Amino acid sequence: MNKTPNARKWTSPSLVLAVTLLARFSLHAVEITPIREIIVPAIPDRQDFQVPDRVRLTGWVGERIRGNEANRLVKLDATRLLEGYRKRPGRQSWDGEHVGKWLHAATLAWVYTGDPALREKLDYIAAELVKCQMEDGYLGTYVESNRWRSWDVWAHKYNLLGLITYARYTGNPAPLAACRRMADLLCNTFGDEPGKRDIIKSGPQVGMAPTSVLEPMILLYRLTGEPRYLEFCKYILRAWEQPHGPKIISTLLTTKRVDKIGNGKAYEMISCFNGILEYYRTTGDPDALQACLNAWQDIVAHRLYITGAASYWEVFHDDYDLPNNNIMGETCVTVTWLQFNAQLVRLTGEARFADQLENVVLNQLLGAQRCDGGAWGYYVQMEGRKPYTTNLDGQCCLSSGPRGVALVPTFSTTTDSDGIVLNLYDAGTAQLRLRDGTPVTLTTATEYPSKEWIRIAVDPAETGTFAVKLRIPAWCHRATIEVNGRKFAIDPNTAGYVAIQRSWKKGDRIALRLKLEPRLVLGDHTNLGKVALLYGPLVLAADQALCDTARSARKRGSAIPQPTMPLNGIAVASPELSKLKMTPEPAPDEFKTWPGAQVFRIRAVTRKPMPGIKIGTPVTIRLIPFADAGSTGARYKVWLPLSQELYRGNLLLDGQASLSRPDHTDGSMTDEDFETFVANSDGKLAEEDWFAVELNEPVMVKRVVFAHGKTSANGGWFDATAGKPRVQVKRTKAGVWETVAEITDYPATTAKNSAEMEGGEHVICKLDRPIKTWGVRVVGKPASGDKPQQSTSSCAELQAFSE
């Protein structure tokens with residue numbers, strides 16, 4: 001029986017939608033040609049950076065790109081973006097970064113759509129920003145007496161990136177004069193010659209923030225040919241290796257660990273990596289590339305979340321130290337990680353970097369963007385609520401997220417020396433030119449990642465021989481390819497791309513099938529006793545709004561409906577994927593963010609009693625892609641515990657909790673819910689408070705986690721000036737509490753200062769050796785906040801683990 005896609009399938013709704021939206025988005029009279037660089041890079045790209053107007057995506061990713069422009073970039077208030085420059089200083093120390101980030105994202109978005117309203121706004125903001133430049137070239141938001149002490153080199157970096165991008169793609173060279181004046185000022189101000197400032201000392205994060213200006217300075221060198229700018233970039237590399245510098249390249253070539261660089265600050269560090277790769281592209285320095293490859297390998301192997309997020313508290317920590325909340329998932333880190341992989345796939349042509357791009361785009365990046373594109377989250381964690389907001393104040397990530405989305409068309413479908421490369425799959429059209437100048441149009445009809453068929457029409461302007469390279473994702477173990485109805489053999493040892501090298505003519509068709517299957521990942525380290533579930537490339541999450549569970553037991557042939565189940569009352573029924581019976585189905589209307597939106601039913605059990613429901617009762621729940629989870633404001637969770645008899649995680653789960661001065665007891669500190677909390681307070685001053693959990697059986701404890709509850713005017717944290725909080729254990733059931741460790745990583749708080757803790761932040765205490773105990777207690781001095789006549793402490797979670 002012939003299972004080849006027939007002609008009728010090629011006129012499917014997906015294909016019609018792709019063509020319709022192509023016409024709607026093609027507003028440029030002619031294709032955009034960026035201003036050419038004067039300096040030819042020493043290392044030619046293996047894959048080309050596509051000009052965004054060559055690609056039109058119309059599927060799920062395309063809808064998010066459209067919303068990014070229409071509901072965020074076009075609507076952002078120009079006055080707010082320019083405010084810190086027109087009236088120095090800005091609202092906060094790093095307020096100057098927003099306008100440069102906006103110019104970068106908005107320029108790419110305008111190239112993609114040709115929207116005249118966005119172009120008008122671009123022209124206005126670029127011109128108004130340049131008007132704010134000082135006579136000496138300074139374009140930061142600080143008054144003159146406070147220059148070069150904090151975030152103003154950082155702001156110059158983003159202004160350079162934004163204005164260079166604007167000038168190159170609009171063809172308006174006027175802002176380049178302002179860029180040269182900024183660059184000249186930096187060259188005249190910083191260096192290792194006598195009388196110049198040390199750039200490492202001019203900004204935070206052990207100088208990684210200011211030295212990330214490496215990226216636009218090397219771009220400006222290639223655009224202008226000015227040798228001073230290259231020398232300045234070489235100075236930055238020397239500055240890193242000073243005794244007080246972050247030692248980025250030398251550390252990566254020796255220890256090969258990113259957590260050993262500077263203070264481990266992830267966003268600024270990966271920003272420097274992106275500059276290093278531009279330096280490598282320009283000069284060919286092999287150490288620069290090797291350092292970045294070592295960094296990539298370390299992050300992927302030891303410091304990357306399942307969704308493509310990296311770091312918590314904005315810092316890289318020890319191997320596998322990846323808590324599910326605790327200020328993790330910073331969107332600025334997500335976007336620089338996306339850029340890092342996009343740079344590496346351009347330079348190397350290796351599919352492993354494109355695999356990471358698919359993972360971070362379809363999961364963490366789109367998960368940080370509100371589904372309509374109008375708002376973004378700062379910290380988008382593995383569990384909790386999506387913190388969507390539209391207000392720039394204190395929100396660097398709101399200007400970073402749109403940059404990540406605007407970059408997607410530059411690498412999704414592109415060209416190399418052999419022909420065409422498909423890195424990401426989405427419905428739409430790509431109008432490309434091979435490196436020999438031959439125009440080729442690719443039209444893709446698919447509902448991937450909900451459906452597994454991807455149908456591609458290949459239409460070269462003239463018949464010719466070239467390769468079409470299809471990325472077979474690392475997660476896909478069953479792929480099939482047909483060309484014009486004939487099966488194309490895939491080498492079983494193929495890793496990454498399958499190259500279809502042949503003579504192509506108008507009307508040729510490719511049918512690619514990526515078998516979409518459920519996947520289960522057993523948790524380890526911080527997720528011991530839990531599992532994560534995936535479907536194809538999508539990381540799934542439980543969403544409180546979907547927890548209208550039903551028993552799997554049947555009565556009179558139908559499921560028995562049950563009340564809404566709280567997230568912390570659900571456990572995955574089995575660690576064996578086949579027993580979960582995962583079944584995709586169309587998403588309910590409130591979750592139908594695109595025509596192919598789906599949810600996924602699995603078998604689960606209750607892990608907490610409810611009226612009429614015992615622990616361990618079989619139920620079914622529906623999971624949702626992480627990118628759409630929490631879109632209604634409900635709580636969500638990626639890592640789900642196994643049933644009680646299989647759970648090997650938190651040893652204190654559902655133990656008997658007690659407090660020294662119980663006040664707020666509506667929450668719990670033993671339910672793995674970091675949003676609820678308990679508090680100690682009786683309206684009086686106290687020298688000491690404690691939070692304890694006791695057990696019916698002894699356990700071996702090696703690691704203790706304490707999570708701060710909630711900061712208020714009354715305090716709510718421990719005052720560390722009296723000593724860091726202490727961990728205590730009970731050696732026998734009726735024994736006394738014994739101090740065994742101090743929580744040295746607890747922030748440097750005072751009675752009045754919470755060290756920026758707000759609620760849910762947690763610290764880890766690793767014991768010198770495993771200790772057998774009947775309970776765990778954390779003791780410390782409560783803080784008073786703004787009310788010195790009393791003191792209060794709070795706890796969201798107290799946990800203990802055997803390793």
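# Strands, spaces and cysteines

User: Which residue of β28 stands opposite Ala 657?

Analyst: Opposite Ala 657 is Val 693 in β28. The model is a predicted one.

User: What makes strand β26 and β28 a pair?

Analyst: A pair needs at least two bridges between the strands. Strand β26 (residues 656-659) and β28 have four, in the antiparallel sense, so the requirement is met.

User: How many bridges join β28 to β31, and to which residue of β31 does Val 693 stand opposite?

Analyst: The count for β28 and β31 is 14 bridges, and the two strands run antiparallel. Val 693 faces Val 776 in β31. β28 also pairs with β32 in the antiparallel sense, over six bridges, and there Val 705 stands opposite Gln 799. Since two bridges are enough, β31 and β32 both count as partners of β28.

User: What lines the largest cavity?

Analyst: It has 20 lining residues, and those nearest its centre are Asn 324, Thr 526, Phe 674, Gln 799 and Phe 801. β28 (689-708), β31 (762-780) and β32 (793-801) each supply at least two residues of that lining. By class the lining has eight nonpolar, eight polar and four charged residues. The volume is about 190 Å³.

User: Why is a space called a cavity and not a pocket?

Analyst: In a cavity a 1.4 Å probe fits but cannot get out, whereas a pocket is an open set, so the way out decides the name. The structure holds eight cavities of 30 Å³ or more.

User: Which residues lie closest to the centre of the second largest cavity?

Analyst: This cavity has a volume of about 100 Å³. Its lining has 13 residues, and closest to the centre are Leu 57, Thr 413, Asp 426, Gly 428 and Thr 444. The elements that give two or more residues to this lining are β1, β7 and β8 (439-446). Its residues divide into seven nonpolar, four polar and two charged.

User: Where does Leu 57 stand relative to β7?

Analyst: Leu 57 is opposite Gly 428 in β7. β1 and strand β7 (residues 428-433) pair antiparallel over three bridges. Two would suffice, so they count as paired.

User: What makes β1 an edge strand?

Analyst: The sheet is open, with seven strands in the order β1-β7-β8-β9-β14-β11-β12 and antiparallel pairing. β1 (55-57) and β12 (486-488) each pair on one side only, and they are the edge strands. Neighbouring strands of this sheet are turned by 20 degrees against each other on average, direction ignored.

User: What is the volume of the largest pocket, and which element gives the most to its lining?

Analyst: The largest pocket has a volume of about 1,500 Å³. Of its 45 lining residues, Asp 45, Phe 49, Arg 168, Tyr 169 and Arg 346 are closest to the centre. Among the elements giving two or more residues are α4 (97-113), α14 (331-348) and β7. α6 gives the most, with five residues. The lining divides into 20 nonpolar, ten polar and 15 charged residues.

User: Which residues lie closest to the centre of the second largest pocket?

Analyst: About 970 Å³ of space lies in the second largest pocket. Of its 29 lining residues, the closest to the centre are Ile 327, Tyr 379, Glu 758, Gly 759 and Glu 761. By class, the lining has eight nonpolar, ten polar and eleven charged residues.

User: Why is Cys 187 not counted as part of a disulfide?

Analyst: The sulfur atoms of a disulfide must lie within 2.5 Å. The closest cysteine sulfur to that of Cys 187 is in Cys 233, at 8.1 Å, so it is too far for a bond. From the side of Cys 233, the closest cysteine sulfur is that of Cys 187, again at 8.1 Å. The count for the structure is zero disulfides.

User: Are Cys 187 and Cys 233 buried or exposed?

Analyst: Buried means under 20% relative accessible area. Cys 187 has 5%, so it counts as buried. Cys 233 has 0% and is therefore buried as well.

User: Why is Gly 616 called partly exposed?

Analyst: Buried ends at 20% and exposed starts over 50%. Gly 616 has 39% relative accessibility, which falls in between, so it counts as partly exposed. Its place is in the loop between β22 (598-606) and β23 (618-625). The C-alpha atoms of Gly 616 and Met 182 are separated by 65 Å, with the two residues 434 residues apart along the chain.

Technical notes:
Residues are numbered from 1 along each chain as its sequence is written. This is a predicted model: local features need pLDDT of at least 70, side-chain atom pairs count only at pLDDT 80 or more; totals for chains, interfaces and linings use all residues. Side-chain values use heavy atoms; hydrogens and water are left out. Axes are lines fitted to C-alpha atoms, for helices over the stretch in contact, and angles run from 0 to 180 degrees between N-to-C directions. On a 1 Å grid over the protein atoms alone, a cavity is a set of points where a 1.4 Å probe fits but cannot get out, and a pocket is an open set with protein on both sides within 12 Å along at least five of seven lines; lining residues have an atom within 4 Å of a point. Grid points are joined across faces, edges and corners, and a volume is the space filled by probe spheres set on the points. Ala, Val, Leu, Ile, Met, Phe, Trp, Tyr, Cys and Pro count as nonpolar, Asp, Glu, Lys and Arg as charged, and the others, Gly among them, as polar. Buried means under 20% relative accessible area, exposed over 50%, partly exposed in between (1.4 Å probe, protein chains only).
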